[in-house]
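Biologist: I am new to reading structures, and I would like a close look at a single part rather than a quick tour of everything. Could you choose one residue, explain its setting carefully, and then lead me outward to the spaces and helices around it?

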Amino acid sequence: RVFRWRFGVGWWLVVLFGLPVIALVLGLIFGGSLHTADLGSALIKQLGSILLAVVVINLWEETVWAGFFQTRLEARFNFVVAAALTALPFAGVHVPLLLLDDQVTPLSVLIGIAGLVILGIVVRLLMGVMMRAALDSVLAVGILHQIFDASNNNGGLVDSLLGGVDAGNMTQLAAVILTVLIAAWLLWRRPGAFAKRQVPPPDSRRQIG
């Protein structure tokens, strides 16, 4: 599933453009402005960064999170519970980033951890619905993960194209909206899309030695 790329062209468009386009539209709705100067060079620069991060980091990260951890939990629990349980260690590995702030206090760390857990749940739900939509392609969620990071970070894709609003807030809200839209489509077109996964039982054949 890591290199599975054969799924609908429409879903590829969702993976590549859904999140940043929704974030940009939200930014304009909330009073932001679109930066069109040097648009081509900015997009080329961001594309290179996204491709590098996918190959080096995100594809392998999602091989663990989506491909193994979350998928296995979906065989034991319902879809939402599996995403929430995955979000806990997923948020945990990002906790050290909270210590990079200029002013770190116990209260700021606790607030930061709560924020990471909430954001982690949003991200894991998004990756979960994308897995179901894209025929369990880990490649799809690896790319989507990096597009989220590139859109959410300062100086990233959305931030470089949008002014006057917080790109991170727009991206996080866009992630919620995109998750709801994908889930609604799946429930409409694929009854039972969020049923528990079926994990093959262990090989019961006796070993002869």
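Modeller: Let us begin with Asn152, which has a relative accessibility of 17% and therefore counts as buried, since the cut-off for that word is under 20%. Please keep in mind throughout that this is a predicted model. Asn152 lies in helix α5, which covers residues 138-152. Leaving aside its neighbours within four places in sequence, Asn152 is in contact with Gly168, Thr171 and Gln172. With Gln172 there is also a polar contact, in which the two side chains come to 3.0 Å from each other.

From this residue we can step back to its helix. α5 has 15 residues and reaches 21 Å from its first C-alpha to its last, which is close to the 21 Å expected at 1.5 Å a residue. Of those 15 residues 14 are buried, so α5 is largely enclosed by the rest of the structure.

The other end of the helix deserves a look as well, and there the residue to find is Ser137, placed in the loop between α4 and α5. Ser137 is buried, because its relative accessible area is 0% and the cut-off is under 20%. At the start of α5, a side-chain oxygen of Ser137 reaches to within 3.4 Å of the backbone nitrogen of Leu139. Not counting neighbours within four places in sequence, Ser137 has contacts with Arg1, Arg4, Phe7 and Met131.

Now let us return to Asn152 and ask what open space it borders. The largest pocket has a volume of about 690 Å³. It is lined by 27 residues, and those closest to its centre are Leu97, Leu116, Leu119, Asn152 and Asn153, so that our starting residue is one of this central group. At least two lining residues of the largest pocket come from each of α2, α3, α4, α5 and α7, and α4 gives the most, with seven residues. Sorted by class, the lining of the largest pocket comprises eleven nonpolar, twelve polar and four charged residues.

A second pocket also draws on α5, and its lining has another make-up. The second largest pocket has a volume of about 440 Å³, and 16 residues line it, with Leu16, Phe17, Leu47, Ile50 and Leu157 lying nearest its centre. Here α1, α2, α5 and α6 each supply at least two residues of the lining, while the largest share, six residues, comes from α2. In this second largest pocket the lining has 15 nonpolar residues, one polar residue and no charged residues.

Besides these open pockets there is an enclosed space to consider. A search of the whole structure finds one cavity of 30 Å³ or more, and the volume of this largest cavity is about 30 Å³. Its lining is made of Ala66, Gln70, Thr71, Glu74, Gly128, Met131 and Arg197, and the elements that give two or more residues to that lining are α2 (39-74) and α4 (106-133). α2 gives the most, with four residues. By class, the lining of the cavity has two nonpolar, three polar and two charged residues. Met131, which we met as a contact of Ser137, is one of the residues that line this cavity.

One more helix completes the surroundings of α5, and that is α3, whose buried residues pack against α2, α4 and α5. The buried residues of α3 are Phe79, Ala82, Ala83, Thr86, Ala87, Phe90 and Ala91. As you read along that list, it helps to know that an α-helix has 3.6 residues a turn, so residues three or four places apart point the same way. α3 has 14 residues and reaches 20 Å from its first C-alpha to its last, close to the 20 Å expected at 1.5 Å a residue. At the start of α3, a side-chain oxygen of Asn78 comes to within 3.1 Å of the backbone nitrogen of Val80.

Phe77 is found in the loop between α2 and α3, and it counts as partly exposed, at 34% relative accessibility. Not counting residues up to four places away in sequence, Phe77 touches Ala82, Leu85 and Lys196. Phe77 and Lys196 are 119 residues apart in sequence, yet their C-alpha atoms are 6.9 Å apart in space.

Notes:
Residues numbered from 1 in each chain as written. Predicted model: local features only at pLDDT ≥ 70, side-chain atom pairs only at ≥ 80, totals over all residues. Heavy atoms only, no water. Buried < 20%, exposed > 50% of the residue type's maximum accessible area, 1.4 Å probe, protein only. Polar contact = N/O pair within 3.5 Å; in protein donor to acceptor, adjacent residues only side chain to side chain. Contact = heavy atoms within 4.5 Å. Expected span 1.5 Å × (residues − 1). 1 Å grid on protein atoms, 1.4 Å probe; cavity = no way out; pocket = protein on both sides within 12 Å on 5 of 7 lines; lining within 4 Å. Points joined across faces, edges and corners; volume = space filled by probe spheres on them. Nonpolar A, V, L, I, M, F, W, Y, C, P; charged D, E, K, R; others polar.
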